[in-house]
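Let us walk through this structure together, starting from the inside and working outwards. Please keep the sequence and the model side by side as you read.

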Amino acid sequence: MKVKYSVTFEFPVRPPLTHTGIVTAGREHVCAARAIKEARVALRPVNWSSLVCVLLERLDAPKEDISEGEAI
């Protein structure tokens with residue numbers, strides 16, 4: 001799957017740093033891990049207090065389109 005992401009590092013007294021991009025992986029948790037890794041390399045945050053990773057949009061079409069009312 002290919003997803004657009006946004007990762008924000010928050011600090012106690014400084015403004016947050018945000019990085020956005022696109023990653024590709026087979027599962028959601030791998031997409032999130034790759035997004036965080038890319039953001040850490042790009043921003044090099046120091047002494048952050050919290051981190052937010054949001055997978056904003058899935059860019060590839062789902063393999064199977066399930067119509068409403070069908071059981072999974």
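A nonpolar core, as the term is used here, is a set of buried Ala, Val, Leu, Ile, Met, Phe, Trp, Tyr and Cys residues joined through side-chain atoms within 4.5 Å. Buried, in turn, means under 20% relative accessible area. With that in hand, and remembering that this is a predicted model, we can look for such a core. The largest one has 11 residues: M1, V3, Y5, V7, F9, F11, V23, A25, C31, A35 and A39. Strand 1, residues 2-10, and helix 1, residues 28-43, each give at least two residues to this core. The largest share, 4 residues, comes from strand 1.

You may have noticed a rhythm in the numbering of that list. In a regular strand the side chains alternate between the two faces of the sheet. Keep this in mind when you follow strand 1 in the viewer.

Now step back to the overall layout. The chain holds 1 helix and 3 strands, and from start to end these elements follow the pattern β-β-α-β. Strand 1 is joined to strand 2 by a hairpin of 6 residues. Strand 2 covers residues 17-24, and the two strands pair in the antiparallel sense over 8 bridges. To find one place on this pairing, look for K4, whose bridge partner in strand 2 is I22.

How much of the chain is buried? Buried residues make up 22% of the 72 residues. The accessible surface comes to about 5500 Å², and 53% of that belongs to carbon and sulfur atoms. Contacts also reach across the sequence: among those between residues at least 6 apart, 59% join residues at least 24 apart.

A39 is a good residue for seeing such contacts from the core. Leaving out residues up to four places away in sequence, A39 touches V7, F9, H19 and R44. Two of these partners, V7 and F9, are listed with A39 in the core itself.

R44 leads us out of the core and into the loop between helix 1 and strand 3. Its phi is near 50°, a positive value in a residue other than glycine. R44 counts as exposed, because its relative accessibility is 67% and the cut-off for exposed is over 50%. N47 lies in the loop between helix 1 and strand 3 as well. N47 too has a positive phi, about 60°, although it is not a glycine. At 65% relative accessibility, N47 counts as exposed.

Past the loop we arrive at strand 3, residues 50-58, where V54 has its place. V52 lies in strand 3 too. Which residues does V52 contact beyond its sequence neighbours? With those within four places set aside, V52 is in contact with S6, V7, T8 and E10. V52 and E10 are 42 residues apart in sequence, yet their C-alpha atoms are 8.1 Å apart in space.

S6 lets us look at this region from the other side. It is found in strand 1 and is buried, with a relative accessible area of 14%. Not counting residues up to four places away in sequence, S6 touches T18, H19, T20, V52, C53, V54 and L56.

Three residues from that list of contacts are worth a second look on the outside of the model. V52, V54 and L56 make a nonpolar surface patch of about 220 Å². Why can V52 and V54 belong to a surface patch? A patch takes residues with over 30% relative accessible area; V52 qualifies because it is partly exposed at 36%, and V54 because it is partly exposed at 37%.

Finally, let us turn to charge. Side chains of opposite charge can pair when their charged atoms come close. The count here comes to 2 salt bridges. In one, R27 pairs with E28, the closest N and O atoms being 3.9 Å apart. R27 is exposed, with a relative accessible area of 52%, whereas E28 is partly exposed at 42%. In the other, the side chains of D60 and R58 meet, with 3.2 Å from N to O. D60 is partly exposed, with a relative accessible area of 28%, and R58 is partly exposed at 46% relative accessibility.

Note on methods: Residues are numbered from 1 along each chain as its sequence is written. This is a predicted model: local features need pLDDT of at least 70, side-chain atom pairs count only at pLDDT 80 or more; totals for chains, interfaces and linings use all residues. Side-chain values use heavy atoms; hydrogens and water are left out. Buried means under 20% relative accessible area, exposed over 50%, partly exposed in between (1.4 Å probe, protein chains only). Contact means heavy atoms within 4.5 Å. Patches are made of residues with over 30% relative accessible area and no salt bridge: like charges are joined within 9 Å, nonpolar side chains (Val, Leu, Ile, Met, Phe, Trp, Tyr) within 5 Å. Accessible areas come from the Shrake-Rupley method with a 1.4 Å probe; for residues, only the protein chains shown count as cover. A salt bridge is a side-chain nitrogen of Lys or Arg within 4 Å of a carboxyl oxygen of Asp or Glu. Two strands pair if DSSP finds at least two bridges between them.
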